[in-house]
Amino acid sequence: MKAIAILTSGGDAPGMNAGIRATVRTALASGLSVYGVKRGYQGLIEDSISPMCSKDVSNILQRGGTILHSARSEEFRTEEGRIKAAANLNKRRIDGLVVFGGDGSFRGANDLQREFGIRVIGVPSTIDNDIWGSDFTIGFDTAVNTALEAIDKVRDTAAAHDRLFIVEVMGRHAGFIALEVGIGAGAEEILIPETVTDIPAICRKVKSRLETGKTSSILVVAEGDEEGNAYEIAQKIEAHSGLKSRVTVLGHVQRGGSPTASDRMLATKLGYAAVQALLDDAAPCMVGVEDGLISRHPLADAWTRKKELDKLLVKLSSGLE
Ligand code: ADP
């Protein structure tokens, strides 16, 4: 292995820059040439590939987003698209590719290795934390902390006005963010796709809290809850009980901001681990951190296996209100 490329793909996540920095510097220290690809797989197809040196990753560790930019690419899903992408790597004699992204990005990477022999490593990066094979994904901790800070502020106004607030956090398919944010913020109810949301029971509990003098409540809902998003849940609660609520959708603020210390450590470890995996000829694989140790798993595990929520946290999500 002589030259590698790095790209960031799919949804951006805070900490990607710290991961890029660690990958570039570990690779350079190992005697490899390094290239950066702009705009994910679309940039690979359009030949937006440039050499990177150590200075290119100076002063980025603490920045959110990704200096390489991210994108989604329909063209890369086609064989013609991937032929162009592989040709652009081959003409520079790039034989390794590090992909920061989610399971969709890993599928694309796997295709590149299977069809064209380019050795690929996936680095799990998504605020949703829903990738099997790593206890945490890059960006999750920052997103949780951002949402927590926002909900603490909502709590102040909820208490001042004796209101019921419904706060929606990200998580289209999984409740990892909602669960940790809800517990950390002391939410009265946490609504996630993995557990049954019982609107009449929620109404009963909010009312009985009102009767005992607890005049404000916060419900944290994952955007993908089976009963709907925060607005739909607010309507259902009002239709069922007459209780009025205020809705706050945190949305994309959760993706932004400077990464937390935990995300910087995770991204730095995984960037290093990705280069080691390439040097060990372990591709195709995904690197992760499990029980504090770096792990490697086949890329396909990312989309064939389902990460479960922490059972203790699920238990704690009810019963502390
Ligand atoms: P994420 O990586 O965050 O899961 P997406 O699912 O949007 O994000 O995937 C990012 C990109 O990866 C897509 O725009 C596409 O270019 C590529 N990709 C996703 N799924 C596949 C697939 N099955 N085959 C080839 N490429 C894919």
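The legends below describe close-up views of a predicted model with a bound ligand.

**View 1. Two domains make up the chain.** Domain 1 consists of residues 3-139 together with 259-304. Domain 2 covers residues 140-256. Taken over C-alpha atoms, the centres of domain 1 and domain 2 are 34 Å apart.

**View 2. Domain 1 and domain 2 are in contact.** On the domain 1 side, 16 residues take part, and they meet 14 residues of domain 2. About 1,200 Å² is buried between domain 1 and domain 2. Carbon and sulfur atoms account for 55% of that buried area. The side of domain 1 that touches domain 2 is made up of five nonpolar, seven polar and four charged residues.

**View 3. Polar contacts link domain 1 and domain 2.** Nine residue pairs, with both residues at pLDDT 80 or more, are in polar contact between domain 1 and domain 2. The count of salt bridges between domain 1 and domain 2 is zero. Four charged residues are nevertheless present on the side of domain 1 that touches domain 2.

**View 4. The ligand is surrounded by 15 residues.** The closest of these residues are Arg 72, Ser 73, Gly 102, Gly 104 and Ser 105.

**View 5. Polar atoms of Gly 102, Ser 105 and Asp 111 face atoms of the ligand.** For Gly 102, a polar backbone atom lies 2.9 Å from an oxygen atom of the ligand. For Ser 105, the partner is an N or O atom in the side chain, 2.5 Å from an oxygen atom of the ligand. At Asp 111, a polar side-chain atom is 3.3 Å from a nitrogen atom of the ligand. The ligand taken alone exposes 550 Å², and the protein buries 83% of that area.

Key:
Residues numbered from 1 in each chain as written. Predicted model: local features only at pLDDT ≥ 70, side-chain atom pairs only at ≥ 80, totals over all residues. Heavy atoms only, no water. Domains from an automatic or database assignment. Contact = heavy atoms within 4.5 Å. Buried area = accessible area lost by both parts, 1.4 Å probe. Salt bridge = Lys/Arg side-chain N within 4 Å of Asp/Glu carboxyl O. Polar contact = N/O pair within 3.5 Å; in protein donor to acceptor, adjacent residues only side chain to side chain. Nonpolar A, V, L, I, M, F, W, Y, C, P; charged D, E, K, R; others polar. Near = heavy atom within 4 Å. Areas by Shrake-Rupley, 256 points an atom, 1.4 Å probe, with all protein chains shown as cover.
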